[in-house]
Amino acid sequence: SEARGGLESQVATAEEAKKAHEKSIAALQKKAEAASKATELFKDQVAEVRATLKSERSRIGTLVTELEFKDRQLKAAEKNQRKREAVHKKVHAELKALKEATELLEENKRELEDANGALLEAKKALQNSLNEAEKRKKETKEEADRARDEAKKSQEKQQRLTGVISVYKEE
């Protein structure tokens, strides 16, 4: 009976151990199911992260392309700005040269106007001199004509006198 009691006790312990083992197996199965669910969830998350990474890589590629395009635009704009500044400097220099040339032209114009005034005065003086010379020429011609007439008259007189003298001499 003691052996039976010991055996029953061992059976009871074995049954308890079996129950505990079954509980342990059930708990492990639950853990395995939970781990399997967690693995599936992890796989889903990994797939989602991979999709997100792919999407982000694509977006980063697009952003890099846009940045490169904007960089080229900026460089072109800077180049155009430098060109505009160079053109502005050139135009400014040309305007300055044009202003100086205009001032020189104005000065030359004033000098030409002064010279023109002097030429007009010289022309008037020359015209007056010509008029005076023409008047003197006319007067001189008239005097020469008178002197010729007087010389002619005088010569005629002398010829008459010579004729009279020669008539007297012949007599």
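Student: Why does L98 count as exposed?

Tutor: Exposed means over 50% relative accessible area, buried under 20%, and partly exposed in between, using a 1.4 Å probe and protein chains only. L98 has 53% relative accessibility, so exposed it is. By the way, this is a predicted model, where local features need pLDDT of at least 70, side-chain atom pairs count only at pLDDT 80 or more, and totals for chains, interfaces and linings use all residues. Residues are numbered from 1 along each chain as its sequence is written, and side-chain values use heavy atoms, leaving out hydrogens and water.

Student: What makes E113 partly exposed?

Tutor: Its relative accessible area is 47%. Partly exposed runs between the buried and exposed cut-offs, so the label fits E113.

Student: How many of the 171 residues are buried, as a percentage?

Tutor: Buried residues make up 0% of them.

Student: Where are L98 and E113 found?

Tutor: L98 is in helix α1, and so is E113; that helix covers residues 2-170. The protein has 1 helix and 0 strands. Helices (H or I, at least four residues) and strands (E, at least two) are DSSP runs, numbered from the N terminus.

Student: How do you know that the protein isn't a compact globule?

Tutor: Check the radius of gyration, taken over C-alpha atoms; the globule rule is 2.2 Å times the number of residues to the power 0.38. For 171 residues a compact globule would come out near 16 Å, but the protein has 70 Å. Its C-alpha trace spans about 240 × 25 × 15 Å along the principal axes.
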